Amino acid sequence: MLYKTGPLPELSELDIAVFDALIRHVESHDINDSSSILSYSDLTASVNRPEVIPTNVGYYLGHIAEFCLALNIPVICSVAVKKDEKAPGGGYYTAIGLPSHSDKLDKEVEWVNNLKATYAFKDWGDVKRHY
């Protein structure tokens with residue numbers, strides 16, 4: 001069951017392509033898999049749209065995060081990470097409302113908790129009805 005907390009932001013065709021790729025990834029992996037996270041480059045390869053590249057995928061992830069927050073569901077963007085750091089970029093923390101002055105441990109705890117919630121959430125198919 002989804003809990004809408006306000007008006008849903010509109011998603012573009014490319015936002016939806018990225019969202020669908022994230023949902024496919026989460027539905028086909030387990031939190032305990034070493035491949036539970038997805039690098040920005042692997043995500044964009046999965047989207048397979050020339051307009052979506054690792055250096056701009058954060059733009060689409062921000063829209064998706066806003067959409068998830070409006071539905072009061074886990075922010076699926078937690079799955080997408082920087083390849084070299086194996087953690088989300090700074091835009092992820094801004095999108096989820098974590099203050100920019102938060103320390104590294106607070107950020108990591110918030111990210112891991114959201115990653116666990118993302119994999120525990122089983123209604124991703126239902127989310128698609130909303131976009």
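A search of the whole structure, which is a predicted model, finds six aromatic pairs. The tour begins with two of these pairs and then turns to the pockets.

**Aromatic pairs**

Select Phe19 and Phe67 and display their rings. The ring centres lie 5.8 Å apart and the planes stand at 85 degrees; the pair is therefore edge-to-face, since angles over 60 degrees receive that label. This contact joins distant parts of the chain, with Phe19 in helix α1 (residues 13-28) and Phe67 in helix α3, 48 residues apart. Colouring by accessibility shows Phe19 as buried, with a relative accessible area of 0%. Phe67 also counts as buried, at 1% relative accessibility.

Now move to Phe121 and Trp124. Their ring centres are 4.7 Å apart with planes at 70 degrees, so this pair too is edge-to-face. Phe121 has 14% relative accessibility and counts as buried, because the limit for that class is under 20%. Trp124 is likewise buried, at 1%.

Return to Phe19 and Phe67 and add Tyr131 to the selection: these three residues form one aromatic cluster.

**The largest pocket**

Next, select Lys82, Glu85, Ala87, Pro88, Gly89, Gly90, Tyr93, Lys104, Lys107, Glu108 and Trp111, which line the largest pocket. The space enclosed there is about 220 Å³. Show the helices: α4 (90-95) and α5 (104-120) each supply at least two lining residues, and α5 gives the largest share, with four. Colouring the selection by class brings out five charged, four nonpolar and two polar residues.

Within this lining, centre the view on Tyr93 and Lys107. Lys107 lies over the face of Tyr93, at 5.5 Å from the ring centre.

**The second largest pocket**

Finally, select Tyr40, Gly58, Leu61, Gly62, Cys77, Ala80, Pro88, Gly89, Gly90, Gly91, Tyr92 and Ala95, the lining of the second largest pocket. Its volume is about 160 Å³. By class, this lining has seven nonpolar and five polar residues, and no charged ones. The largest share, four residues, comes from α4.

To end, display both linings together. Pro88, Gly89 and Gly90 appear in the lining of the largest pocket and also in that of the second largest.

How values were computed. Residues numbered from 1 in each chain as written. Predicted model: local features only at pLDDT ≥ 70, side-chain atom pairs only at ≥ 80, totals over all residues. Heavy atoms only, no water. 1 Å grid on protein atoms, 1.4 Å probe; cavity = no way out; pocket = protein on both sides within 12 Å on 5 of 7 lines; lining within 4 Å. Points joined across faces, edges and corners; volume = space filled by probe spheres on them. Nonpolar A, V, L, I, M, F, W, Y, C, P; charged D, E, K, R; others polar. Phe/Tyr/Trp six-rings, centres within 6.5 Å; stacked < 30°, edge-to-face > 60°. Buried < 20%, exposed > 50% of the residue type's maximum accessible area, 1.4 Å probe, protein only. Lys NZ or Arg CZ within 6 Å of the ring centre and 35° of its normal.
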